[in-house]
Amino acid sequence: MPQPCHEHDRNPMTWQRRLGALVREPWIRLCLLFPGSRWRDPLLYAHELVGDDFWILAGRWDSYCKKIAPARIHPRLGWTQGPITAENPRGLVPQTASRLVRDGRRKVLFYGDSYVGGNALEANWLPALLEKQLGDVDVLHLGVGGYGPDQMHLLFKETAPLVDPPHLVVMGLMTFSFDRAAQRVRSYQKPLLALRADGTLEVTNLPIDAEPERFFRKAKLSFSSYVLAAERNLQDPHRAGEWGFLEKVAVNRAVVEANQRYAAEIGSRLLYVIFYDHEQLLRPRLRERFFIEELASLGVDTLDTAPVLLNYSREHGIDASELYDNGHHNDLGNQVIAAALAQAIEKRVGARARRA
């Protein structure tokens, strides 16, 4: 496991580097004034998993992803699935909003990020597929693109009281969710759960700015020199994403424990699903090991989708990449995961199956 990496360890400053930066800095800053400049690439200066600089630059330059629409900005959660209205104050997809009520029906609350839907048709989103396989259960899609474990936890606490004690709470974690728990900006400003001395969590980095243009204009970068930031970012690209790994362990552990406590408090079963992009599926790293080992140590039910997808690809003679499109599971990938998830629920929770 990599050791914590401090700024001075990876950015030693010599007089030659200072002089070089002074010479090149004005030219780069001039280039940044032009929208088409090749220097307007956040990846040149920062890693998307480390700190907030990558996302601040992406927001300023309208690169990498579109800005969050103002209608999706939530004052406590950061952003929502869709537009917030008076009738739908949490900005949830219509089918979820209409069934997030106390109606005596059993519910599966499925939280996560964009992997809950994947790059698939709506009929093949994981909640829709799972609902077809479970008898007389509403499976509510509560995944929000870009969410980290902290936002999932806050949405869990906000929505679970709206239904009768849910049959099951599913937390879907893509492995890079690990890093989002330590970021103040990811696509847009987000809440940050800070760990108090007594081990409890405090919601910080609020209020969420209601105006994206203003937020990105005022957001502060951690560096003052684009030249030196680019040099530092290129020093060790293979380890760049691991910088600060150990500092993120404590908050991720605290969020998992908080979910476990809250699920027990409201009388719900808790099940985690671990998602991977294709590269991580083939080469598991620190994040995957942390989540799997941590959940096992706490006795939390977990479905690891790596062996599920790899076994399917071997048995059907296909490459695992055929289960992905654009970095997410496609229709087939979701179908494979949904079948395994339904079996896990039947085994661990006792839901009766109804095969479509």
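**Aromatic pairs.** I looked up ring pairs in this predicted model, taking ring centres within 6.5 Å as a pair, and the count came to 18 aromatic pairs.

**Tyr-111 and Phe-156.** I took this pair next and noted it as tilted, with 5.5 Å centre to centre and 55° between the planes. I then checked where the two rings sit in the chain. Tyr-111 belongs to strand β3 (residues 107-112) and Phe-156 to helix α6 (residues 149-159), so the pair ties together parts that are 45 residues apart in sequence. I also looked up accessibility: Tyr-111 and Phe-156 are both buried.

**Tyr-188 and Phe-216.** I recorded this aromatic pair as edge-to-face, at 5.7 Å centre to centre and with 65° between the planes. Here too I asked which elements are joined. Tyr-188 is in strand β7 (residues 188-189) and Phe-216 is in helix α8 (residues 212-218); the pair links distant parts of the chain, 28 residues apart. For burial I applied the cut-off of under 20% relative accessible area. Tyr-188 has a relative accessible area of 0%, so I entered Tyr-188 as buried. Phe-216 has 1%, so I entered Phe-216 as buried.

**Cluster.** I searched for rings that group together and noted one aromatic cluster formed by Tyr-45, Trp-61, Phe-223 and Tyr-226.

**Charge over a ring.** I last looked at Tyr-262 and found Lys-157 over the face of this ring, at 5.4 Å from the ring centre.

Definitions and conventions:
Residues are numbered from 1 along each chain as its sequence is written. This is a predicted model: local features need pLDDT of at least 70, side-chain atom pairs count only at pLDDT 80 or more; totals for chains, interfaces and linings use all residues. Side-chain values use heavy atoms; hydrogens and water are left out. Rings of Phe, Tyr and Trp (its six-membered ring) pair if their centres lie within 6.5 Å; planes under 30 degrees apart count as stacked, over 60 as edge-to-face and the rest as tilted. Helices (H or I, at least four residues) and strands (E, at least two) are DSSP runs, numbered from the N terminus. Buried means under 20% relative accessible area, exposed over 50%, partly exposed in between (1.4 Å probe, protein chains only). A charge sits over a ring if NZ of Lys or CZ of Arg is within 6 Å of the ring centre and within 35 degrees of the ring normal.
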